[in-house]
Amino acid sequence: MMQTALSSVLLDVPRAAAIWLTLLGVVTLAVAGLLLHPRRFRFDVGARIREAALPSRSPRAEDDRDQDRWAGEVSVAADRAEATARRQRDEWLATQDEAEQAWQAYEAAEADVRRLSGATGMPLPQTPHTPAEYADRERWLHRAALDAYWRRELSVEQLSDVFAHRGWDPRRHPVEQELILRRAVRDHLFARQRAAREREQAAWQAAERAASAARSLREEAVAALLPTPDESESVLPLILLGGAEQTREIPTAMVGRAPVAAY
């Protein structure tokens with residue numbers, strides 16, 4: 001009986017040895033895999049959380065296309081707004097030059113009035129008071145007024161008043177007529193200068209509004225071209241928090257196991 005039992009045990013020894021060798025080989029391969037590629041076998045909680053929290057690639061790709069399309073539209077609008085702002089600025093500069101020229105013309109007319117006003121204290125040349133003299137004075141007044149109108153120094157309403165003798169006496173001496181005419185020219189140029197200044201102010205305000213709109217659209221275009229913040233940043237604090245708690249628990253577990261290992 002002992003021989004029979006011993007023989008059966010001896011027969012099972014090679015089989016058991018083969019099984020143990022197989023298990024040992026599997027464990028060796030697993031340990032080697034862990035040592036060579038530890039990341040492949042690590043259970044990454046953070047990766048699982050990111051995959052669950054982040055949207056799928058298809059909606060994100062659609063959002064990216066919409067963002068790019070919006071950025072392109074805003075960029076085109078910003079380019080057009082900048083072109084409008086440049087045109088408005090050119091118009092403002094043109095009205096500024098016009099206002100400056102109108103002011104210089106008014107100053108010249110005011111200087112003429114002051115010069116002629118100083119000369120009125122001198123005695124006027126004596127001329128015969130005849131119908132021919134009055135006709136010459138009238139022709140001189142009409143010609144001087146017409147020349148001033150062609151120089152844009154008189155308005156058409158003022159010229160009409162001269163020819164209709166509304167407020168104008170053609171019988172006055174030419175020296176007096178010239179002073180009155182220069183005053184009318186000064187008043188007209190002053191009104192034209194004020195109108196030019198108002199146009200210049202309106203053009204400046206329009207240029208400022210256009211420039212502000214262009215700046216706003218350009219800023220929006222730049223913001224649209226910038227990449228949006230990655231949504232994984234919102235998940236990162238949760239991952240870091242879990243990692244920090246795990247790091248704090250490891251020494252406690254090691255300390256709890258240390259006496260057992262020593263014992």
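F190 is partly exposed, since its relative accessible area is 34%. That ring is a handy way into this predicted model, because F190 belongs to one aromatic cluster together with W103 and Y106. The protein chain around the cluster has seven helices and zero strands, so a walk from the N terminus reads α-α-α-α-α-α-α. Of its 263 residues, 21% count as buried. Among contacts with a separation of 6 or more, 81% join residues 24 or more positions apart.

**Aromatic pairs**

- The structure holds three aromatic pairs, and two of them are described here.
- Y106 and F190 form a tilted pair, with 5.1 Å centre to centre and 50 degrees between the planes.
- This pair links distant parts of the chain: Y106 sits in helix α3 (residues 57–119) and F190 in helix α6, 84 residues apart.
- Y106 counts as buried because its relative accessibility is 16%, whereas F190, at 34%, is partly exposed.
- The rings of Y149 and W150 have centres 5.4 Å apart and planes at 65 degrees, so this pair is edge-to-face.
- Y149 is partly exposed, at 27% relative accessibility, while W150 is exposed, with a relative accessible area of 63%.

**Helix α4 beside helix α6**

- Helix α4 covers residues 131–150 and helix α6 covers residues 174–225; their axes come within 11 Å and cross at roughly 25 degrees.
- With that angle, α4 is roughly parallel to α6, because angles under 35 degrees count as roughly parallel.
- The crossing of these two helices is right-handed.
- On the α4 side, the contact uses R137, W140, L141, A144, A145 and A148; on the α6 side, the partners are P174, Q177, E178, L181, R182 and V185.
- Sorted by class, the residues of this contact are eight nonpolar, one polar and three charged.

**Helix α4 beside helix α5**

- The axes of α4 and α5 come within 10 Å and cross at roughly 175 degrees.
- These two helices are therefore roughly antiparallel to each other, as angles over 145 degrees are classed that way.
- From α4, the contact takes in L141, H142, A145, L146 and Y149; from α5, it takes in V156, L159, V162 and F163.
- This contact has eight nonpolar residues, one polar residue and no charged ones.
- L141 and A145 appear in the contact of α4 with α6, and they appear again in the contact of α4 with α5.
- Y149, a member of the edge-to-face pair with W150, is also one of the α4 residues that meet α5.

**Two alanines in helix α6**

- A196 is placed in helix α6, and A196 is buried, with a relative accessible area of 1%.
- The C-alpha atoms of A196 and A99 are separated by 4.8 Å, although these residues are 97 residues apart along the chain.
- Leaving out residues up to four places away in sequence, A196 touches T95, E98, A99 and A102.
- A206 is also found in helix α6, and A206 is buried, at a relative accessible area of 17%.
- A206 and R89 lie 8.4 Å apart in space, C-alpha to C-alpha, with their positions 117 residues apart in sequence.

**Positive phi angles in the loops**

- R152 has a phi near 65 degrees, a positive value in a residue other than glycine.
- The place of R152 is the loop between α4 and α5 (156–164), and R152 counts as exposed at 57% relative accessibility.
- H165 is not a glycine, yet H165 has a positive phi of about 60 degrees.
- The loop between α5 and α6 holds H165, which counts as partly exposed at 32% relative accessibility.

How values were computed
Residues numbered from 1 in each chain as written. Predicted model: local features only at pLDDT ≥ 70, side-chain atom pairs only at ≥ 80, totals over all residues. Heavy atoms only, no water. Axes fitted to C-alpha atoms, helices over the stretch in contact; angles between N-to-C directions. Helix = DSSP H or I, 4+ residues; strand = E, 2+ residues; numbered from the N terminus. Parallel < 35°, antiparallel > 145°, perpendicular 65-115°, else oblique. Left-handed = near helix turned anticlockwise from the far one by under 90°. Contact = heavy atoms within 4.5 Å. Nonpolar A, V, L, I, M, F, W, Y, C, P; charged D, E, K, R; others polar. Phe/Tyr/Trp six-rings, centres within 6.5 Å; stacked < 30°, edge-to-face > 60°. Buried < 20%, exposed > 50% of the residue type's maximum accessible area, 1.4 Å probe, protein only.
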